[in-house]
Amino acid sequence: MLAARFLAINNLQLTEEDVPKPGPGEVLIKVKAAGICGTDAHIIKGESASTPPVILGHEYAGEVIELGEGVTTLSLEDRISIDPNTFCQTCYYCHSAKEHLCLNLTALGVDIDGGFAEYAVVPEVQAHLLPPSVDFTAGAFIEPVACCIRGLQQARIQPGDEVAILGGGPIGLILLQLAVAAGGRVTVSEPAQGKWGLAKELGALRTVLPEELPSDAFDVVIEAAGVKATVEQSIKVARRGASVVWFGVSPQGTQAAIEPHEVFRKELQISGSFINPHTHARAVKLVGTGAVQVEPLISHRFPLGKIHEALAVHASGDASKVMFIPS
Ligand SMILES: [Zn+2]
Ligand SMILES: [Zn+2]
């Protein structure tokens, strides 16, 4: 089978490999769709942790074609999306109902072979059945939607809150839909004006250039770009008592200039948001009912053999979500 294997920093290669065998408690899937995430680009550049050599791809969906020994909850031809994150169940955090903060966290597509391949082995416990209303491309979006639900939990939006989302990429536009569903009045800040129309269609009241965002104006600010400038701006545009969520994944080592006095005087609550604690099933429901629309967020589709071209399009900043459709 064809696979995209990350071997070392700046070295991702298309490889021809044997189709893996599912072990006990695992299933083999035919991958039907997989999305490129900013994290994949960070991993390739050495800006985010991983365990090479590994097949990347942690946002994917597929069809079950072989059952390992002892699998009881899945059947052949089941359509599944994958929650990539696996926990040790023995560390302090796992024992404190904070499994997503596990000291020994590993993830499919980061540390264990993932979805940028024609076939993939998936532990039964990581699989979530897709309802008939969710096709495979939407199924490959469940993981980022689940992460965005965590972001919304951290944001604590109240109905009527003025919400600023800094960044109008696919993550920003998922956060937008969740914030609107929570009753927020959402302004999306995005320098690429070509992305404004879709943001409006998906519920944004206003779309603005970053420099047009007013200071001291928002009850909730969600940073969704992962760059220094927007992290710094998130504090400026927050009003007194605001909740600020740094959702975007800044490269490891990035430093931002924050004035602690401003955080003090405004009594800001600043939160991170890390992966998807118990939110994957919620994401399946929200995508399945159409409460979160993901189809409009796909800007490019590639076969897996064009992974380098696909990564270049992703890096250009002009793309929204770039998807692999293997067949
Ligand atoms: Zn991701
Ligand atoms: Zn643990």
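Two strands pair if DSSP finds at least two bridges between them. The exercises below apply this to a predicted model.

**Exercise 1. Which strands make up the open sheet of three, and which stand at its edges?**

Solution. Begin with one pair: strand β1 (residues 2–8) and β2 are joined by six bridges in the antiparallel sense. Six bridges satisfy the requirement of at least two. One position can be checked by hand, since Ala3 has Thr15 in β2 as its bridge partner. Next, place the pair in its sheet, where the order is β2-β1-β4 and the pairing is antiparallel. β2 (11–16) and β4 (54–55) each have a single partner strand, so they stand at the edges and one side of each lacks a neighbour in the sheet.

**Exercise 2. Locate the cis peptide bond and state its omega.**

Solution. The bond joins Pro52 and Pro53, and its omega is about 0°. On the chain, Pro53 belongs to the loop between α1 and β4.

**Exercise 3. Describe the open sheet of six strands and the helix α3 that lies across part of it.**

Solution. First, write the order: β13-β12-β11-β14-β15-β16, with parallel pairing. The edge strands are β13 (206–208) and β16 (269–272); each has a single partner strand, so one side of each is left without a neighbour in the sheet. From one strand to the next, the twist averages 20°. Second, take a pair from this sheet: strand β11 (residues 162–166) runs parallel to strand β12 (residues 185–189), and five bridges join them. Here Glu162 stands opposite Arg185 in β12. Third, add the helix. α3 lies across β14 (218–223), β15 (238–246) and β16, and runs at about 155° to β15.

**Exercise 4. How many residues does the largest nonpolar core have, and which element gives the largest share?**

Solution. The core has 96 residues, and those with the most contacts inside it are Val145, Ile165, Leu175 and Val287. Helix α3 (residues 142–155) gives the largest share, eight residues. At least three residues come from each of domain 1 (2–141 + 294–324) and domain 2 (146–272). For a closer view, take Leu175. Leaving aside residues up to four places away in sequence, Leu175 touches Cys148, Gly151, Ile165, Ile222, Ala224 and Phe247.

**Exercise 5. Describe the contact between domain 1 and domain 2.**

Solution. Start from the division of the chain into domain 1 (2–141 + 294–324) and domain 2 (146–272). The C-alpha centres of the two domains lie 27 Å apart. Ten residues from domain 1 and nine residues from domain 2 take part in the contact. On the domain 1 side, helix α1 (residues 38–44) gives the most, with three residues. By class, this side of domain 1 has two nonpolar, six polar and two charged residues.

**Exercise 6. Arg156 and Asp216 have positive phi. Where does each lie, and is each buried, partly exposed or exposed?**

Solution. Take Arg156, a residue other than glycine, whose phi is near 50°. Arg156 is in the loop between α3 and β11. The count of other C-beta atoms within 10 Å is 14, so Arg156 is partly exposed. Now take Asp216, also not a glycine, with a phi of about 55°. Its place is the loop between β13 and β14. The cut-off for an exposed residue is 12 or fewer C-beta atoms within 10 Å. Asp216 has 12 such neighbours, so Asp216 counts as exposed.

Key: Residues are numbered from 1 along each chain as its sequence is written. Chains are lettered from A and ligands numbered from 1 in the order in which they are written. This is a predicted model: local features need pLDDT of at least 70, side-chain atom pairs count only at pLDDT 80 or more; totals for chains, interfaces and linings use all residues. A nonpolar core is a set of buried Ala, Val, Leu, Ile, Met, Phe, Trp, Tyr and Cys residues joined through C-beta atoms within 7 Å. A residue is buried if 20 or more other C-beta atoms lie within 10 Å of its own, exposed if 12 or fewer, and partly exposed in between; C-beta atoms are placed from the backbone. Helices (H or I, at least four residues) and strands (E, at least two) are DSSP runs, numbered from the N terminus. Domain bounds come from an automatic or database domain assignment. Two residues are in contact if their C-beta atoms, placed from the backbone, lie within 7 Å. Ala, Val, Leu, Ile, Met, Phe, Trp, Tyr, Cys and Pro count as nonpolar, Asp, Glu, Lys and Arg as charged, and the others, Gly among them, as polar. Axes are lines fitted to C-alpha atoms, for helices over the stretch in contact, and angles run from 0 to 180 degrees between N-to-C directions.
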